[in-house]
Amino acid sequence: MKPIIATVGLLCLSNLFMTFAWYGHLKGLSSQPWFIAAFISWGIALFEYLLQVPANRIGYTVLTVGQLKILQEAISLTVFVPFAVIYFHAPLKMNYLWAGLCILGAVYFIFKD
């Protein structure tokens, strides 16, 4: 498997766990004390790191650290928008499109020679 494909796949899965760790408790654990939510989120984040660390190690063989970071941000927004719409029933607003276009610009510039 090509390193870039492995990196993108692992980062997508990692971001799914990250999004649930960061935001899932707002809906699912809102009645619990914050420290309960923190420990559960920390447990979820462990799986994020188990995917993110190898993704970055594999990706760093073919990408710069700046490219890895911008790639991660693009994937993060790609994962977050459906999560917000599906899990939180948040309305899909034009702001997501504008933010996505800004990140696409960042992707363009960081990968441009």
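**Close-ups of a predicted model**

**View 1. A salt bridge within helix α3.** The side chains of E73 and K69 come together in a salt bridge, with 2.7 Å from N to O. This is a predicted model, and it holds 1 salt bridge. Both E73 and K69 belong to helix α3, sitting 4 residues apart, or about one turn of the helix. Side chains of opposite charge can pair when their charged atoms come close. How open is each partner, buried or exposed? E73 falls in between, being partly exposed at a relative accessible area of 30%. K69 is partly exposed too, with a relative accessible area of 47%.

**View 2. Helix α3 from end to end, and what follows.** What span should the 23 residues of α3 have at 1.5 Å a residue? The expected figure is 33 Å, and the end C-alpha atoms of α3 are 31 Å apart, which agrees. After α3 comes H89, and its phi is positive, near 55°.

**View 3. Helix α1 and its kink.** Helix α1 takes in residues 3-28, which makes 26 residues. From its first C-alpha to its last, α1 reaches 36 Å, close to the 38 Å expected at 1.5 Å a residue. Where is the kink in α1 centred? Look at W22: the kink there is about 45°.

**View 4. The buried side of the story for α1.** Which residues of α1 are buried? The list runs A6, T7, L11, S14, N15, M18, T19, A21 and G24. What do these buried residues of α1 pack against? They meet two other helices, α2 (34-59) and α3 (65-87).

**View 5. I4 and its contacts.** I4 has its place in helix α1. With a relative accessible area of 33%, I4 is partly exposed. Leaving aside residues up to four places away in sequence, I4 touches V62, L63 and L71. For a longer look along the chain, take P54: I4 and P54 are 50 residues apart in sequence, and their C-alpha atoms are separated by 12 Å.

**View 6. Aromatic pairs around F88.** The model has 11 aromatic pairs. The ring centres of F83 and F88 are 5.6 Å apart with the planes at 75°, so this pair is edge-to-face, since planes over 60 degrees apart get that label. The rings of Y87 and F88 have centres 5.2 Å apart and planes at 85°, so they also make an edge-to-face pair. How accessible are the residues in these pairs? F83 is buried, at a relative accessible area of 6%. F88 is partly exposed at 30%, and Y87 counts as partly exposed at 25% relative accessibility.

**View 7. The wider aromatic cluster, with a lysine over one ring.** Which residues form one aromatic cluster? They are F20, W22, Y23, F80, F83, Y87 and F88. W22 is thus a member of the cluster as well as the centre of the kink in α1. Which residue lies over the face of Y87? That would be K27, at 4.8 Å from the ring centre. Y87 therefore has K27 over its face and F88 as an edge-to-face partner.

Conventions
Residues are numbered from 1 along each chain as its sequence is written. This is a predicted model: local features need pLDDT of at least 70, side-chain atom pairs count only at pLDDT 80 or more; totals for chains, interfaces and linings use all residues. Side-chain values use heavy atoms; hydrogens and water are left out. Rings of Phe, Tyr and Trp (its six-membered ring) pair if their centres lie within 6.5 Å; planes under 30 degrees apart count as stacked, over 60 as edge-to-face and the rest as tilted. Buried means under 20% relative accessible area, exposed over 50%, partly exposed in between (1.4 Å probe, protein chains only). A charge sits over a ring if NZ of Lys or CZ of Arg is within 6 Å of the ring centre and within 35 degrees of the ring normal. The expected span of a helix is 1.5 Å times one less than its number of residues. The bend at a residue is the angle between axes fitted to the seven residues ending there and the seven starting there. Contact means heavy atoms within 4.5 Å. A salt bridge is a side-chain nitrogen of Lys or Arg within 4 Å of a carboxyl oxygen of Asp or Glu.
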